[in-house]
Each structure stands twice: as C-alpha cells, then as structure tokens.
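Colleague: I would like a close look at one part of this model, a helix and whatever it packs against or pairs with. Please describe the contacts and the charged pairs, and then place them in the wider fold.

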Amino acid sequence: AVAVMLEMTTTASPPAPRQKCFLVCRFTLPDPSTTSSSNNLFNKISKKIAEKVTEKYNCRAFEHATNDEIGRTEDLVAKSNEIAFHLPISLENRSRVTVGLYKNNKCIFSYLLEIDDDNKVVGCESGQICFKGYFVNRNYFTNLFQAGFSLSDPLPEFCHFSKSASGKVGISENIDQLVLPLEESSSQQKLFNYPLMEMYAFTKNMGFYTATERTTESTLTLPTSAATIAHISHSLSKIKNSLSVVYNELFVGICDDLVDFVRRLGGVMVLYEATDFITGFEIWRGDLISGSNIKVATRSSHILVTIQSQSNPPEVVIGTIDTTALTPNENGITAVPVKMFSPHQAVGTIQLNISIKPRQATGHDLSGIQFFTPQVMGEVGIDWLNSNLEKQADDFADLEKLAGFYASPPPLDFNVETNKREFIAPFRPSTSKSTPLLRCIPINTHSHTLVVEKFGSENDAQCFHAITTGVPADHFLSFGNGGLYRLLNQRNNLLRQLHAGASKFTTRFITPHTNRGEYASCLHRRTLERQLFELTHAINLRKMHILPMFISQLVTVFVGDLSSVSKVKKHINHWINHGYIICMEGLLSTLGKELGMIEDCFGMIMEMHRVGVYFELLCGNGADQPGVTNVTGSQCLEGIKVDWQSDGGILVSVYLNQQYYSYYSFLHNRKILVKPILFQVGVDIQQWGSNVVQTVKSSNMGKKIEKDTAQNSDPEMLNRVNEFSFHVLNKQCHLLFPGDVSASIVPQIDPLGPLNPIHVHSICTPLFQLLDKGQMSDKQKVEVTVFHYATQISQQCGAGSIIFCKSGKDRTGMQVTYRQSLLMEDRNFEEMNALRGIMRLHGTRIYICEKNVGQPKYAFNSIQLQFMPDVLRPPTAAIAGVLKGGAVFRGEGMIES
C-alpha cells in the first residue's frame with residue numbers, strides 16, 4: 001500500500017485553510033517477485049491516480065483492453081464472484097495496464113494506464129461503469145477502487161473479515177470481532193441495495209489513520225415487522241367474539257288507542273331507558289304510526305314512556321315498564337298495561353304489545369393480552385356500541401390482511417426509483433409515510449458503521465456503530481389528537497373523572513323531567529364513557545402499528561451488537577442479569593406533528609418497560625416451527641418469532657444459522673430483558689420557536705408553519721423524556737457498578753418520581769447536572785451535549801444505539817457524522833468542523849438522502865442553518881435550500897425541507 005499526500009480545499013463555510021490528507025492506494029499482485037521496480041512504479045501510478053481523483057468525473061464509453069493487454073485473467077481474479085482491485089505487473093516496454101474492479105471475470109470499472117519503457121505513466125483514462133445492466137453511481141465504485149475492497153466476501157458489521165482455508169467463517173485473529181455477515185437486502189439489482197461505503201484518511205498524534213464508513217440496509221426490518229404483525233393478527237383471530245355484551249331487543253307495537261292517547265294530549269312520545277338510581281338515557285323519539293313497531297335495544301331494567309304535552313305550561317306524563325317482569329305468550333308478545341301519571345294525578349292507562357328478544361354484542365376482548373390497554377365497558381348505549389364494535393372489527397380485519405401481505409410480499413419492481421417505491425420491501429423510503437400498506441414497516445432503517453484504524457497497526461481500531469432510522473411513530477393515523485403518550489394520559493384522566501362521579505343518584509328513574517341536573521350528569525358520564533371506549537381502541541390500534549416498527553429497530557441493534565466479540569465478552573453477563581440498554585437519540589422538535597411523533601415513541605418505550613420485552617437466540621434448525629417468519633437474504637439469520645409470554649411480556653426469538661449459533665451456546669435458554677431509553681433534543685428552527693414563544697402562530701422568516709403547530713406545542717416534553725431515561729440509565733449504572741454508597745437504595749426509586757442528587761451515580765453526574773432544571777433554565781439554548789454524555793454513559797453499560805429524526809436522513813445524518821468525528825480526537829474546532837463537512841458532503845449519508853428523495857441534498861435551507869447547533873450544520877453546498885409548502889416545493893424533483 002502506498003500513501004500519497006494531497007492538499008485539498010474543504011467545502012466548509014467559511015472556507016478553511018487547505019488541509020493535508022492522504023489517499024491510500026492498495027495493489028494486489030499475482031507474484032510480487034516478478035518486478036524489481038514495483039515500489040517506484042506504484043508511486044508513479046498512485047500519483048497519476050491521485051490526479052484523476054481530484055478531477056471531476058466525466059463518464060464516457062471505453063473499449064476494454066484484451067486479456068493479453070491486462071495479463072492473465074486467472075491471475076487477476078482469485079475466485080469467482082470476487083470484486084477486487086488488481087494491478088497486473090507483466091509490463092514489456094510501453095504497454096497498457098488496466099487497474100479496476102472485476103466480477104465474474106468481467107471488469108466493471110477500470111482505469112487504463114499507459115506506461116512507457118521507463119515505467120513512466122504517460123496516460124490515464126477512466127472506463128465506463130456498468131454493472132448488471134444498470135448505470136450506477138460512479139463515486140460508489142471509485143471509493144471501492146481506491147480502497148481495494150471485495151464485495152463478494154460476507155463482511156461483518158464492522159468491516160473486518162477472516163476466513164480459514166476450509167472456508168469456515170471464524171473470529172479475526174488480529175481484531176477481536178465476530179464475523180457476522182452484514183445484513184444486506186436480497187434484491188441487489190440496484191446500487192442502493194448494496195452497502196454504501198466511503199474511505200477517509202487523516203493524521204492524529206503523529207500517526208496515519210484510515211476510517212471506513214459503511215451504511216447498509218437491514219434485511220431484518222420486513223421479516224421482524226411481518227413476524228410481529230402476524231402474531232398480533234393471530235392473537236386477534238383467537239379472541240374474536242370474546243367480548244360479549246348481553247342486551248334486550250324490544251319491539252313495541254303501536255296501536256290506535258296509543259296514537260289517540262298521545263294526540264289527545266297534544267304531545268310527543270319519548271322513550272327512556274333507566275336503571276334504578278344509576279342511569280337514565282333517551283333511546284327513542286318520534287311520530288307514532290298505527291300498526292308499526294318501535295325497535296329499541298337496551299341493557300337497562302326499565303323503559304320509561306313519557307309524553308310531553310303542548311299545553312302552556314307544558315305537562316309531562318310518565319309511565320314505567322319493568323323489562324325483567326315481561327311474560328310473553330306463545331307468540332312471544334306481552335300485553336303490558338302502562339299506567340300514566342302526571343306530577344299531580346293519574347292520567348290514564350295505555351296498552352302496549354311488547355316482544356323481547358335477548359341479543360349479544362360481540363367484539364375483541366384484548367384484556368387477556370397485557371401489552372394492550374383493556375377496554376372498560378360502560379353505559380355507552382347498545383346502538384352506539386354495535387356501531388363501534390363493527391368499526392373495530394373492520395380495523396382488526398384490515399390488520400389481518402396486512403399480515404398476509406407482509407408474509408408473502410409481491411415481487412419488487414426494480415424499475416421504480418427507490419424514493420418512489422410504495423411496495424412491501426425491507427427498505428421503506430421516507431416519502432411513503434402516508435402509504436397505508438407500509439404503515440408497520442420502519443422508515444429508512446440502516447446499519448451505520450465507522451471503523452477507525454491506525455495505518456500499519458492491525459490491533460488499533462475504534463468502532464462506531466448505530467442504527468439510523470425514521471422515528472417509530474404512527475404516521476398512518478397521524479397526530480391530530482397527539483401521540484401514544486398523550487393518549488394514554490388522556491385515558492387516565494377519563495378514568496379518574498369516571499371514578500370521581502361513580503356515586504348513585506337520588507332519583508330512581510332519571511329523566512330531564514324527573515331531575516334535570518342528575519340527567520345532565522348522566523349524559524356527561526355517558527359522553528366520558530364513549531370517549532374512553534373510542535380512545536382505548538385508538539390507543540390499541542396505534543400500538544399495533546408502532547410495535548412492529550419498534551421491534552424491528554431493536555432487533556436490528558441487537559444483532560449488530562452481537563457482531564462485536566469484544567462487546568459481547570465484556571457485557572454479556574450484564575445483559576443477562578440486568579438487561580440490555582438501547583439508547584435512542586431523537587432529534588425532533590416539540591412542535592406540531594413532531595410532538596406527536598415524540599409522544600408515540602416515548603409512549604411505546606413506557607409500555608415496553610411496563611410489560612417487558614425479551615430477546616433470545618435460538619438455533620436455526622427450529623426456524624421451521626409454526627409462527628416463525630423466515631429471514632431471506634442473510635447468511636447468519638434464518639427466522640424471527642414474536643410471542644406473548646404468560647406473564648404478559650413480549651418475547652422475540654432470533655433464529656441463527658447453526659454455524660453461527662455455535663458462537664452463542666452460552667446464551668442457550670437465556671432471555672435478555674431489553675430496556676429502551678430515549679434522549680431527545682430538538683435541533684432546528686421549530687424547536688427554537690417552541691422554546692422561545694411556545695405557541696408559534698406565524699413566522700417573519702419565510703418558513704411556513706404547519707397548520708396544527710399553534711395548537712400543539714410542549715417544550716416541557718423534552719424534560720419529561722430525558723428525565724425518565726436518566727432515571728433508567730442511572731439505575732442501570734448502580735446495578736452494574738455498585739461501588740457507589742447509595743447503590744443499595746437506588747433500585748427502589750420510581751423511574752418517574754423525584755431524584756435526589758445523593759442517588760446519582762458518579763458516572764451519571766455530568767448528565768444529571770445538565771438535565772437538572774437549574775442548569776436548563778435557558779430555554780433558547782439547544783443543548784446537544786445531552787447526547788454526548790448520554791452516549792458515553794450508555795457505552796459503558798454496553799448499550800446499543802439508535803439515532804433518528806422524522807425521516808432518518810437529514811438531522812440523523814448530521815448527528816451520525818458528529819458522533820463519528822468524536823473518534824478523531826485531539827483537533828481544534830475548525831479542523832473537526834472541516835472533517836465533518838467532508839463526511840457530510842462526500843460520505844454515505846448524503847446518498848441516503850438521494851435514496852429517499854431522489855436528490856443528494858440535505859433538506860435544510862440557509863435560514864434553518866442559522867438556528868442549528870454549529871456541530872450539526874452541513875456544508876451549504878449540500879443543502880436543498882427549498883422552503884416547505886411553497887409553490888416551488890410542489891414541483892417535480894424538489895425535496896422536503
């Protein structure tokens with residue numbers, strides 16, 4: 001390998017001084033001993049390549065050299081299906097040499113070098129990039145060309161690979177990391193189904209380092225979502241019609257005498273249902289037609305017949321029917337004489353012919369599944385109940401259909417651009433948030449890795465690994481009434497109101513004529529009970545949509561962390577005994593729809609802590625069992641299964657290939673409790689506006705605020721989220737590092753209760769001081785340092801990492817590159833900012849934007865940048881600069897900003 005020093009001008013704004021960096025060129029020789037001047041030749045070739053790298057790429061047709069000109073094919077390609085970087089050295093006088101990437105004995109990208117008899121490079125032409133009939137991104141293969149990577153080998157999450165002579169995958173001898181093949185999509189006809197890779201090089205502490213950045217789709221998203229929604233669907237089918245509400249259906253015959261009686265009083269007949277001292281509600285009102293029937297449904301013990309006269313003052317006569325005392329004849333009809341009374345006297349008797357039939361309203365009783373919120377059945381009215389149970393059945397049937405689609409997705413249409421895809425696949429673009437078919441698949445989920453290695457030292461490597469994704473939230477149901485956390489709080493408030501008003505009334509039969517005040521209270525209570533019923537269903541439906549996304553993201557993090565042997569060795573006992581922390585970093589604002597997204601994510605975290613989520617590893621030979629969803633496109637994973645445990649928890653079983661499962665035999669029959677936490681910091685102009693004025697009605701800076709912004713603003717939500725997560729993290733530190741004197745009492749602390757500084761673990765003290773209300777008094781300050789301390793503590797606890805924003809591309813890309821830059825220490829701010837600018841402009845994250853919206857741009861404009869923290873600002877050359885909601889935005893090709 002030869003390092004060539006270049007001087008480059010960075011794209012930082014304002015322009016930074018010219019920076020020195022290195023281009024590393026690696027060469028593979030069939031027989032290094034065949035030339036004596038290889039070092040001199042390599043230097044010359046490297047310099048020539050460096051010149052070409054600094055130019056803009058101009059793609060044109062290139063006739064590939066013959067085998068005689070490039071050397072023997074069998075020397076260039078070690079085995080079939082290998083993509084490698086080769087330089088044949090059989091040079092005679094002036095010849096043409098091809099340096100390129102090969103696959104299946106065909107060159108798919110090449111540089112043609114002309115070398116004279118003095119071994120001088122006199123010409124260099126770039127070849128056409130063509131792979132499987134598709135024109136693909138030139139920079140992608142150029143980066144591989146510079147780095148000398150092979151894509152045929154199953155690379156691990158951390159880009160280290162070792163294979164024995166027998167072909168068995170093993171543990172690297174030099175770098176202590178397990179070789180789990182990277183999860184890749186099985187559909188590889190497009191560039192974006194391949195791993196995106198970028199190489200950087202830099203100096204630090206008088207040493208030369210290389211950094212390998214890699215971003216890859218996860219094949220786990222679709223099968224895990226499918227397994228979760230399939231189990232939900234199976235549970236719904238088992239409990240169908242398990243909810244049973246018995247009621248009576250009454251048919252009241254209208255005779256001529258009744259019509260004459262009502263007409264004589266000059267009034268209108270109204271029927272009420274009533275239970276002694278408990279309820280009273282109107283159930284029928286209308287004109288009487290002789291020979292017809294009035295149909296009513298009720299669970300009450302009495303029917304009240306009232307006739308309100310048109311006299312002045314109006315007079316009301318009332319009679320009662322005891323439905324429990326009806327004795328039908330052989331025709332099923334009961335002749336009921338009803339005595340009618342006014343407040344002062346008996347008015348007369350009416351004869352009613354009543355038939356009664358017992359009925360049953362059926363639905364899904366979710367109370368047996370602890371994860372779901374139990375339905376409280378109040379006096380909501382039978383007709384209203386039947387209508388809503390029918391709607392619920394339709395919602396659940398739709399989910400069952402969705403489970404069938406996910407289990408057997410149709411073939412992918414690869415002629416559709418990735419940002420325009422709206423069909424079932426492991427990758428869900430951010431443009432498909434409102435697509436009903438994809439509502440249970442996580443948005444834009446990728447495994448992102450950076451490995452920093454010291455040049456010449458195979459044992460000196462640092463790794464950054466995180467899952468990047470869109471927020472796990474229910475975009476399908478939207479956020480007009482808030483997210484899951486807010487809805488759960490609203491439900492608790494309704495229960496408290498109903499409990500406070502549960503006392504019996506003083507009037508036996510409650511109507512607006514017998515006791516107007518108590519009747520109004522009855523109506524109010526029924527309104528609350530109906531709201532509770534609808535809200536409970538909305539909560540459960542929201543849980544059903546969010547849980548598959550959430551489980552998919554957590555499993556992807558877990559499998560990624562298993563690929564690090566050093567991490568597993570260090571923390572596996574902690575995971576088994578005290579749980580596995582997954583630290584989520586959210587970059588949403590507490591304003592408008594994004595507030596609802598935070599509430600969805602945080603509400604699901606709270607529910608997972610309530611019921612418990614567990615992971616277990618199983619051998620793949622059991623993947624053919626019922627309920628197991630197969631994983632395709634992976635060499636190490638065979639299946640995923642999601643199930644409810646007897647204690648109410650959620651068990652996620654990951655089936656590994658038998659070859660890989662042997663590495664984890666120590667996890668046999670072990671279940672790992674997952675503890676997701678969320679640290680949330682708003683980093684954009686919307687959060688600034690929420691912090692300063694809390695209710696944003698308009699803006700004089702040209703940004704259109706979404707319609708629901710003014711109604712939905714809650715800056716204190718960040719404090720609630722961060723304080724809860726701090727409690728969980730602090731408690732975990734006491735469990736793992738019990739040297740603190742207060743460790744014995746911390747486990748009894750309520751995660752939502754107050755925290756005394758004496759209970760704060762020493763490791764967590766900096767984060768506590770930052771989150772303490774006294775330290776956070778400046779609401780206009782966006783404190784991204786919260787992430788820095790939270791991730792430091794989480795890493796000491798062996799935690800997994802998830803980074804998300806709304807779509808998982810723009811703000812997420814800024815946070816990922818900021819986290820990566822922290823691995824490159826001992827630099828001043830200007831150097832670090834320039835380094836981050838290079839990663840944001842030329843790294844893999846900008847291609848994630850292109851993959852989602854069709855353009856390699858971050859969806860920010862220059863105004864928004866002014867309100868973002870300095871460390872999260874992208875180069876101005878990489879921003880879209882389009883205002884959301886404007887006329888320009890609605891044009892084709894524009895992207896969200």
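Modeller: What follows centres on helix α11, then moves outward to its neighbours and to two loop residues.

The model is predicted, and the values below are computed from it. Helix α11 covers residues 593-611, in a protein that has 20 helices and 25 strands. Two helix partners can be described for α11, namely α9 and α14, and the two packings have their own geometries.

Take α9 to begin with. Helix α9 spans residues 516-562. The axes of α9 and α11 are 10 Å apart, and the helices pack at an angle of about 80°. Angles from 65 to 115 degrees count as roughly perpendicular, and α9 and α11 are therefore roughly perpendicular to each other. On the α9 side the contact is made by Arg 542, Lys 543, Ile 546, Leu 547, Phe 550, Ile 551 and Leu 554. On the α11 side the residues are Asp 600, Cys 601, Met 604, Ile 605, Glu 607, Met 608 and Arg 610.

Two of those residues also form a charged pair across this contact. Lys 543 makes a salt bridge with Glu 607, with 2.6 Å between the closest N and O atoms. Since Lys 543 sits in α9 and Glu 607 in α11, the pair ties together parts that are 64 residues apart in sequence. Both ends are covered: Lys 543 has a relative accessible area of 0% and is buried, and Glu 607 is buried at 7%. The cut-off for buried is under 20% relative accessible area.

The other helix partner is α14, residues 716-736. Here the axes of α11 and α14 are 11 Å apart and the packing angle is about 25°. That angle makes α11 roughly parallel to α14, the limit for this class being under 35 degrees. The contact draws on Leu 595, Ile 598, Glu 599, Phe 602, Ile 605, Met 606 and His 609 from α11. From α14 it draws on Met 717, Leu 718, Arg 720, Val 721, Phe 724 and Val 728. The crossing of α11 and α14 is left-handed. Ile 605 appears in the contact with α14 and also in the contact with α9.

A further link runs from α11 to helix α17. Arg 811 and Glu 594 form a salt bridge whose closest N and O atoms are 2.7 Å apart. Arg 811 belongs to α17 and Glu 594 to α11, so this pair joins parts that are 217 residues apart in sequence. Arg 811 counts as buried at 9% relative accessibility, and Glu 594 counts as buried at 5%.

Helix α17 has another charged pair, this one with a strand. The side chains of Glu 585 and Arg 819 meet in a salt bridge at 2.2 Å, N to O. Glu 585 lies in strand β19, residues 580-586, and Arg 819 in α17, residues 810-821, so the pair ties together parts that are 234 residues apart in sequence. Glu 585 is buried, with a relative accessible area of 1%, and Arg 819 is buried as well, at 7%.

These pairs are among the 20 salt bridges that the structure holds. In the protein as a whole, 57% of the 897 residues are buried. Of the contacts with a separation of 6 or more, 70% are between residues 24 or more positions apart. The exposed surface is about 38,100 Å², with carbon and sulfur atoms supplying 49% of it.

Two loop residues complete the picture. Thr 435 lies in the loop between α7 (382-407) and β17 (446-454), and at 9% relative accessibility Thr 435 counts as buried. Beyond residues up to four places away in sequence, Thr 435 touches Glu 422 and Arg 428. The C-alpha atoms of Thr 435 and Phe 476 are 7.2 Å apart in space, while the two residues are 41 apart in sequence.

Ser 342 is found in the loop between β15 (333-341) and β16 (346-363). Ser 342 also counts as buried, at 9% relative accessibility. Leaving out residues up to four places away in sequence, Ser 342 touches Glu 315, Val 316, Val 317 and Val 347.

Conventions:
Residues are numbered from 1 along each chain as its sequence is written. Side-chain values use heavy atoms; hydrogens and water are left out. Helices (H or I, at least four residues) and strands (E, at least two) are DSSP runs, numbered from the N terminus. Buried means under 20% relative accessible area, exposed over 50%, partly exposed in between (1.4 Å probe, protein chains only). Contact means heavy atoms within 4.5 Å. Accessible areas come from the Shrake-Rupley method with a 1.4 Å probe; for residues, only the protein chains shown count as cover. A salt bridge is a side-chain nitrogen of Lys or Arg within 4 Å of a carboxyl oxygen of Asp or Glu. Axes are lines fitted to C-alpha atoms, for helices over the stretch in contact, and angles run from 0 to 180 degrees between N-to-C directions. Angles under 35 degrees count as roughly parallel, over 145 as roughly antiparallel, 65 to 115 as roughly perpendicular and the rest as oblique. A crossing is left-handed if the near helix is turned anticlockwise from the far one by less than a right angle, and right-handed if clockwise.
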